[in-house]
Amino acid sequence: NMVDEFVVFDVQYTRRGWINRNRYLYKGEAKIFSIELEKGSDFADIKDRKVSEFFDKRKFLDKIKDAYRLAPFFSPTYELLENIVFYEERNLFYYILNSIEQVAKQLSIKSKLSISTSIDIDHSLKSGKKIIAICKEINAAGYINPIGGKELYNKNDFAEHGIKLNFLNANEIIYTQNGYEFVPYLSILDILMFNDIEKAKEFLNCYTLE
């Protein structure tokens, strides 16, 4: 929400990452949901993986309905989720990209979304060098990374190329979850189930930059 352009990486799939799975709330506990994939190499790029033709979308949605049917903003959020889940694209990257676009629209986020491999750079570059190359190609004055990147990227390396590097540190967000003890770090789905759109938009600004 705070950037002019958000570059989505369509690179290597990570089996134990969060590319096709996330956490949701079920009876006060965090549970994992996942999008079933067609069998393929865990070393393939995201754009080379596919959603399984046997992924039971209705069963998946019923699981979410069972978990959140009493949530105060269930109806509009479930409608959003249906549009995302029933998207007909099977290419994993574009299936996920659609979900990002749909959620951004729901929250009135206007940032431009770009695909990393569509940017004209040397894609054999790694880590910070690749990000710097992307920033230079799109004329970015600054780059913002989640706080976990502090161990990976050096501000001086970016400054040498005229790019300001900042790290986004999310502040604590707490809201009511139907009377359960609060469970943090769930999917945006959980925030939208228990908060109206205006409150969810306020949460977008709950961070500090370092």
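Trainee: What makes β2 and β3 a strand pair?
Mentor: Six bridges join β2 to strand β3 (residues 29–34), and the two run antiparallel. Two strands pair if DSSP finds at least two bridges between them. Six meets that cut-off, so β2 and β3 count as paired. Opposite partners include Tyr26 with Glu29, and Leu25 with Ala30.

Trainee: How do you know what to call a strand or a helix?
Mentor: Both are DSSP runs, numbered from the N terminus: helices are H or I with at least four residues, strands are E with at least two. Take this as a predicted model, where local features need pLDDT of at least 70, side-chain atom pairs count only at pLDDT 80 or more, and totals for chains, interfaces and linings use all residues. Residues are numbered from 1 along each chain as its sequence is written, and side-chain values use heavy atoms, with hydrogens and water left out.

Trainee: Which residue takes a positive phi in the hairpin of β2 and β3?
Mentor: Lys27, with phi near 50°. Two residues lie between the strands of that hairpin.

Trainee: Where else is phi positive in a residue other than glycine?
Mentor: Ser127 is one case, with phi near 50°. Ser127 lies in helix α4 (residues 127–137). Tyr185 is another non-glycine case, at about 60°. Tyr185 sits in the loop between β6 and α6 (188–194).

Trainee: Is Tyr185 buried or exposed, and how do you know?
Mentor: Tyr185 has a relative accessible area of 73%. Buried means under 20%, exposed over 50%, and partly exposed in between (1.4 Å probe, protein chains only). The value of 73% is over the upper cut-off, so Tyr185 is exposed. Ser127, at 43%, falls in between and is therefore partly exposed.

Trainee: What makes the second largest pocket a pocket and not a cavity?
Mentor: On a 1 Å grid over the protein atoms alone, a cavity is a set of points where a 1.4 Å probe fits but cannot get out. A pocket is an open set with protein on both sides within 12 Å along at least five of seven lines. The second largest pocket holds about 220 Å³ of space. That volume is the space filled by probe spheres set on the points, which are joined across faces, edges and corners.

Trainee: How do you know which residues line the second largest pocket?
Mentor: A lining residue has an atom within 4 Å of a point. There are 13 of them, and the closest to the centre are Lys27, Asp66, Ala67, Leu70 and Tyr180. β2 (21–26) and α1 (57–68) each supply at least two. α1 gives the most, with three.

Trainee: What makes β5 and β7 edge strands?
Mentor: Start with the open sheet: three strands, ordered β5-β6-β7, with mixed pairing. β5 and β7 (207–209) each pair on one side only. The twist averages 30° from one strand to the next. β5 and β6 (residues 164–170) pair in the parallel sense over five bridges. Tyr143 stands opposite Leu165 in β6.

Trainee: Why are Tyr143 and Phe158 called a stacked aromatic pair?
Mentor: Rings of Phe, Tyr and Trp (its six-membered ring) pair if their centres lie within 6.5 Å; planes under 30 degrees apart count as stacked, over 60 as edge-to-face and the rest as tilted. The structure holds 13 aromatic pairs. Tyr143 and Phe158 are 5.9 Å centre to centre with 10° between the planes, so both cut-offs are met. Tyr143 is in β5 (residues 142–146) and Phe158 in helix α5 (residues 155–159), so the pair ties together parts 15 residues apart in sequence. Tyr143 is buried at 19%, and Phe158 is buried at 1%.

Trainee: What kind of aromatic pair do Tyr175 and Phe182 form?
Mentor: Edge-to-face: 4.9 Å centre to centre, 80° between the planes. Tyr175 is buried at 10%, whereas Phe182 is partly exposed at 23%. Ring pairs link both into a cluster with Tyr68, Phe194 and Phe203.

Trainee: How do you know that Arg21 lies over the face of Trp18?
Mentor: A charge sits over a ring if NZ of Lys or CZ of Arg is within 6 Å of the ring centre and within 35 degrees of the ring normal. Arg21 is 4.6 Å from the ring centre of Trp18. The charged end of Arg49 is likewise over the ring of Tyr13, 4.7 Å from its centre.

Technical notes: Axes fitted to C-alpha atoms, helices over the stretch in contact; angles between N-to-C directions.
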